[in-house]
Amino acid sequence: MIIIDCPYCGPRDHAEFTYVGDAARTRPAEDASQATWFDYVYLRDNPRGPHLEYWQHSSGCRAMVKVLRDTSSHRVLACGLPADQLEAEQLEAGHLEAGQ
Amino acid sequence: MAETRTLPPRRSALVSALKPGTFGTLGSDGPGSDGPGVTLSERHPMSVVQVEGRIGQEAALGDALETAIGIHPADGFNRVSGDEDGPRILWVGPCRWYVAEPESRDLYGALRPAMGKFGGATVDLSSGRTVFRLSGHDARRVLAKGCSLDTHSSTFGPGACGQTGLFHVSVLIACVDEAPTYEIYAARGYALSLWESLVDASMEYGLRVD
Ligand SMILES: [Zn+2]
């Protein structure tokens, strides 16, 4: 059971959410090379451990939520709005090692 | 310039199923021994209009709503303002609300001119939503059978609302009073299925259908 803390609705069952994708990707410049765009669109790291993701509260308020989830334990380490810098906060809290 | 529309007659989605009466377990030493634990009815016909602006326009949109219909959205998320019998404003998302009232006028026509300048969407959902009223001391137990929302009175008392799944149907639930009484908004196409689920879930507590 995963409980995701929606910034608007509070803690809710993950059944109310839809997984959207990897939140660690940064959109390249429009004129970036084809290889850079291919990497952005298709390639994912699939890490074992903390992973930054977008989930949509699709059965609730429909907002996008940024979630830091441990892929090996399903433990949710942090939740926030898409613009929030969860990774920086978690680095400070010692849940993440630099470079992850 | 506000247009005046003549409203069509509305037909309840529950005409084939809603039969007033008392059902289920009553009169024994069981849960229904002190009368029906649950009362279920449909609020019909209802006007339901969704209004939406862009994030950051909450205050201005709230003022425009107050000018148009006399009430302001409640502060915060997942909150309701207004009375059950008058217009109510229910939070459904960031800078997005339902405005609902028992149908007595062209509510969409009253809101559309005021909302137009925000560039967001004003959508008349009146024909697309069925509104249930679930009340009684066992109402929370009925909800708990079909949804994961925490409806305890300490977190979901009068004035609270929330969207979730109820018996796998997407709903908006609002707590109206401490009975407790809940208003449940569901898509019309799922109304009959949800009605049957609510009736089944209520039978063991004694059910009165109004
Ligand atoms: Zn939410």
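What follows is a walk through chain A, its sheet, its contact with chain B and the cysteines, all taken from a predicted model.

Chain A is built from two helices and six strands. Read from the start of the sequence, these elements come in the pattern β-β-β-α-β-β-β-α. Chain A has 100 residues, and 38% of them count as buried. As for how the chain folds back on itself, take the contacts in chain A between residues at least 6 apart in sequence: 42% of these join residues at least 24 apart.

Four of the strands make up an open sheet in chain A, lined up in the order β3-β4-β5-β6 with antiparallel pairing. The edges are held by β3 (residues 18–22) and β6 (residues 76–80) of chain A; each has a single partner strand, so one side of each is left without a neighbour in the sheet. Going from one strand to the next, the twist averages 30°. For a look at one edge, β3 of chain A runs antiparallel to β4 of chain A, which spans residues 50–56, and four bridges join the two. A handy spot to find this pairing on screen is A:Gly21, whose bridge partner in β4 of chain A is A:Tyr54.

Turning to the two chains together, chain A puts eleven residues into the contact and chain B puts in 14 residues. The size of an interface is often given as the accessible area lost when the parts come together. Here, chain A and chain B bury about 910 Å² between them, and 48% of that area lies on carbon and sulfur atoms. Anyone hunting for salt bridges across the interface of chain A and chain B will come away with zero.

That leaves the cysteines. A disulfide is a covalent bond between the sulfur atoms of two cysteines. How many disulfides does a search of the whole structure find? The tally over all chains is zero. B:Cys161 is a case in point: it is in no disulfide, and the nearest cysteine sulfur, which belongs to A:Cys9, is 8.9 Å away. Since the cut-off for a disulfide is a sulfur pair within 2.5 Å, that distance does not qualify. Is B:Cys161 buried or exposed? With a relative accessibility of 2%, B:Cys161 counts as buried, because the label applies under 20%. A:Cys6 also comes out at 2% relative accessibility, and therefore counts as buried.

Key. Residues are numbered from 1 along each chain as its sequence is written. Chains are lettered from A and ligands numbered from 1 in the order in which they are written. This is a predicted model: local features need pLDDT of at least 70, side-chain atom pairs count only at pLDDT 80 or more; totals for chains, interfaces and linings use all residues. Side-chain values use heavy atoms; hydrogens and water are left out. Buried means under 20% relative accessible area, exposed over 50%, partly exposed in between (1.4 Å probe, protein chains only). Two strands pair if DSSP finds at least two bridges between them. Axes are lines fitted to C-alpha atoms, for helices over the stretch in contact, and angles run from 0 to 180 degrees between N-to-C directions. Contact means heavy atoms within 4.5 Å. Buried area is the accessible area (1.4 Å probe) that two parts lose on being put together, summed over both. A salt bridge is a side-chain nitrogen of Lys or Arg within 4 Å of a carboxyl oxygen of Asp or Glu.
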